Amino acid sequence: MQADDLDQVIAIDARVTGVEKTDYWYEVFHRYGTRGGRQRFCFVAELDGAVEGFVVGEVRDWEFGEPPCGWVFGISVRPEARLGGVATRLLETICGAFRSAGVTKVRTLIARDNHLVLSFFRSQGMMAAPFIPLEIDIA
Amino acid sequence: MKLQKSTSLALVSVLEAAANPDRQVAAAEIAEKYDVSPHHLAKVLRELGRAGIMESARGVGGGYRFTGNARRLTLMDLIELFEDLSGRAGDEERIAATAEDRALGRVLAEIDEIARATFRSITIDTMLKLVERERHAAAAPQAAAV
């Protein structure tokens with residue numbers, strides 16, 4: 001991902017999620033883009049110079065007591081570009097980066113009602129991890 | 001969550017047919033492979049036919065052909081044809097009775113919600129890939145032993 005891609009990434013994310021998060025994406029780019037180092041990754045898929053989709057993730061060490069593994073925490077494709085294998089290529093690319101960083105397992109976390117993205121990760125062979133996400137309202 | 005016999009039969013029948021989209025799968029073949037009553041299976045296949053998921057052809061070489069979209073049809077779509085997963089029958093009255101029942105109801109609802117999300121996320125195409133993985137995993141130790 002390059003600085004020039006940010007506006008298109010922000011636009012795709014805003015369109016898919018319904019919320020524009022400009023500051024958030026500049027922060028992500030700052031931490032995961034050119035300064036990402038060997039553990040943080042963000043990639044875009046381009047066609048004729050236009051961004052079709054993006055993926056963001058990082059290697060997390062000993063989180064919840066688990067050996068280092070890759071985490072994908074953002075993946076999205078422009079709606080018109082779907083069903084063309086763009087997300088599959090993005091996932092393959094970041095998995096390759098994780099592999100180069102020395103990890104052999106990849107995880108992600110998806111909202112239960114996000115059927116589209118859940119189905120995508122399932123189609124890539126991902127299965128339920130040995131964790132149960134929990135939350136509590138503390139307001 | 002335990003699936004009813006009809007639901008399990010529907011799932012394996014669709015998987016058998018979707019794995020061989022170019023040929024008709026005989027009902028007798030499925031009944032024999034899964035050791036089930038041909039009569040029960042016929043009822044399940046008729047229901048799948050009514051839903052537009054399977055198509056039957058009579059005569060020599062006749063059988064059932066998968067006509068759904070394997071990349072769109074989910075396990076939940078099939079399960080909902082045979083079961084009502086909207087809630088546990090009769091629970092509403094009981095849940096309202098005591099705080100203990102309500103607390104237990106919340107935990108059971110949480111489990112059901114996770115099960116429903118799982119069924120909704122897995123398409124027939126994904127299931128066919130899983131079946132292949134299982135087949136390879138089962139064959140791998142045998143190949144290593146040769």
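Q: In this predicted model, where buried means under 20% relative accessible area, which residues in helix 4 of chain A are buried?
A: A residue is called buried when its relative accessible area is under 20%, and helix 4 of chain A, residues 115–123, is mostly covered by that cut-off, with 7 of its 9 residues buried. The buried residues are Val117(A), Leu118(A), Ser119(A), Phe120(A), Phe121(A), Arg122(A) and Ser123(A).

Q: Which residue takes a positive phi just after helix 4 of chain A?
A: Helix 4 of chain A covers residues 115–123. Just after this helix there is a residue with a positive phi of about 95°, and that residue is Gly125(A).

Q: In what order do the elements of chain A run from the N terminus on?
A: Chain A holds 4 helices and 4 strands. Read from the N terminus on, these elements follow the order α-α-β-β-β-α-β-α.

Q: Why is chain A said to be as compact as a globular protein of its length?
A: The C-alpha atoms of chain A fill a box of roughly 40 × 35 × 30 Å along the principal axes. For 139 residues the globule rule gives 14 Å, and chain A is as compact as a globular protein of that length because its radius of gyration is close to that value, at 15 Å.

Q: What share of the exposed area of chain A do carbon and sulfur atoms supply?
A: Buried residues make up 38% of the 139 residues in chain A. The chain exposes about 8700 Å², and the share of this area supplied by carbon and sulfur atoms is 53%.

Q: How far apart are the mean positions of the positive and negative charges of chain A?
A: Chain A carries 15 positive and 19 negative charges. When the mean position of each set is taken, the two lie apart by 7 Å.

Q: Which helix of chain B gives the most residues to the largest nonpolar core?
A: The largest nonpolar core has 34 residues, and those with the most contacts inside it include Leu48(B), Ile53(B) and Phe66(B). Several elements of chain B each supply at least two residues of this core, among them helix 1 (5–19), strand 2 (63–66) and helix 7 (124–145). The element that gives the most, with 7 residues, is helix 1.

Q: Leaving aside neighbours within four places in sequence, which residues is Ile53(B) in contact with?
A: Ile53(B) is one of the residues with the most contacts inside the largest nonpolar core. With its neighbours within four places in sequence left aside, its contacts are Val14(B), Leu48(B), Arg65(B), Phe66(B), Thr67(B), Gly68(B), Leu73(B), Leu78(B) and Leu81(B).

How values were computed:
Residues are numbered from 1 along each chain as its sequence is written. Chains are lettered from A and ligands numbered from 1 in the order in which they are written. This is a predicted model: local features need pLDDT of at least 70, side-chain atom pairs count only at pLDDT 80 or more; totals for chains, interfaces and linings use all residues. Side-chain values use heavy atoms; hydrogens and water are left out. A nonpolar core is a set of buried Ala, Val, Leu, Ile, Met, Phe, Trp, Tyr and Cys residues joined through side-chain atoms within 4.5 Å. Buried means under 20% relative accessible area, exposed over 50%, partly exposed in between (1.4 Å probe, protein chains only). Contact means heavy atoms within 4.5 Å. The radius of gyration is taken over C-alpha atoms; the globule rule is 2.2 Å times the number of residues to the power 0.38. Accessible areas come from the Shrake-Rupley method with a 1.4 Å probe; for residues, only the protein chains shown count as cover. Lys and Arg count as positive and Asp and Glu as negative; His and the chain ends are not counted. The place of a charge is taken as NZ of Lys, CZ of Arg, CG of Asp or CD of Glu.
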